[in-house]
Amino acid sequence: MGSNAAKNKASIRNKIYRKLHWILFSKIKPGKWINFFYASYRHRNRKQAPDVDQGTVYITQIPNEGAGIGHQIANFNGGYHYAMLFGIPFAYPGFCNKKWERFLGFGEHEVSVKELKKQGYRMRKLPYFDESEESLALIRQIIRSYAGEKIILSVELDQFYQKQYEVIPYIKRKFEEASARKEDQLIYQKGRVSMAVHIRRGDIVAAGETKSAQPEAGEGKEAAAAQGMSKRWLSLDYFENIVKQVSEKIGERLDIYLFSQGDKKDYQCFEKYGNVIYCFDMSDQDSFLHMVRADILVISKSSFSYKPALLADGVRICPPDFWHGYPESEKWIVADGEGRLPNVDWLSDI
């Protein structure tokens, strides 16, 4: 009972923090003066002996528990990236959802924030920073000021890390070595070409948004959120054009696995291009796994399919203008806004 009460209090505190954080940084948009509210910033000028070990200072980024798992993995990736960037140890932050914690396995054989706190480590939040020389110099100054102390520096809530593909080797190794991989089960058929198509709909439709809809001025937070959702919208025509081009090359060997929400009759346009398997009732973890293991993965403007793409070995077909970007690779194909592929020659190798 006491443990549950503590978790509930922590959850309420996190919700309050996220709300105040949104108001402060999204509405008020303070300048650099906000840095003075961070204890780590005020600590930056403390001098330490040059021979003091900086290895006692860890860094992490706590996943935003109010966001979806793709978003939370982006936070996790950011923490690891900054550890590599600054050359200090990474503290595994953990995921609040235990199913995802076990499924991903990112925390296995890692030093965790929870373990470090038991050893007397204290958390100190870093002010927002970018990767300019001036900003990085400030963070390095803060790190040096804590040398020899038991400190975990926490990157601010949802600090944006764009080039998520830079951490592919690390997260792919962690995912493949996770104990949960022994339990993986796929519905893909041998001798067939599996094409997983993620069509983001649920949260966009819930916001009342499509590409053509725009919020009116002065409608507040809900309108701003809806406008953000409209940028994530891709029409069915976009996905159908991609499937059509792939089907023309693959032929009868193609199995099309649809991952979306809504009524199946809204997606019948895909049935003329191959055998369609509707995966609407598949669990989130199984959906994620099947996207990772597909021969061809068609992603939406969504972290939920972009993160499996980072872990996949197959070909990824991606929308233009996605906020995280893609690596330069023949296995990452960027379609245009209408779903046209730059070439289909790679299909001959599948």
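Contact here means heavy atoms within 4.5 Å. With that term in hand, this report describes a sheet and a helix that packs on it in a predicted model.

The sheet is open and consists of six strands with parallel pairing, in the order S6-S5-S4-S7-S8-S9. Strand S6 and strand S9 stand at the edges, and each has a single partner strand, so one side of each is left without a neighbour in the sheet. On average, neighbouring strands of this sheet are turned by 20° against each other, direction ignored. At one edge, S8 and S9 pair in the parallel sense over three bridges. Within this pairing, Arg316 has Trp332 in S9 as its bridge partner.

Helix H10 packs on the sheet and touches four strands, which are listed below with the helix.

| Element | Residues |
|---|---|
| Helix H10 | residues 236-250 |
| Strand S4 | residues 193-198 |
| Strand S5 | residues 254-259 |
| Strand S7 | residues 296-298 |
| Strand S8 | residues 315-318 |

The direction of H10 makes about 175° with that of S4. The length of the helix can be checked by simple reasoning: at 1.5 Å a residue, the 15 residues of H10 should span 21 Å, and this agrees with its end C-alpha atoms, which are 21 Å apart.

Which residues of H10 are buried? They are Tyr238, Phe239, Glu240, Ile242, Val243, Gln245, Val246, Ser247 and Ile250. These buried residues pack against S4, S5, S7 and S8. Just after H10, Gly251 takes a positive phi of about 75°.

Note on methods. Residues are numbered from 1 along each chain as its sequence is written. This is a predicted model: local features need pLDDT of at least 70, side-chain atom pairs count only at pLDDT 80 or more; totals for chains, interfaces and linings use all residues. Side-chain values use heavy atoms; hydrogens and water are left out. Two strands pair if DSSP finds at least two bridges between them. Helices (H or I, at least four residues) and strands (E, at least two) are DSSP runs, numbered from the N terminus. Axes are lines fitted to C-alpha atoms, for helices over the stretch in contact, and angles run from 0 to 180 degrees between N-to-C directions. The expected span of a helix is 1.5 Å times one less than its number of residues. Buried means under 20% relative accessible area, exposed over 50%, partly exposed in between (1.4 Å probe, protein chains only).
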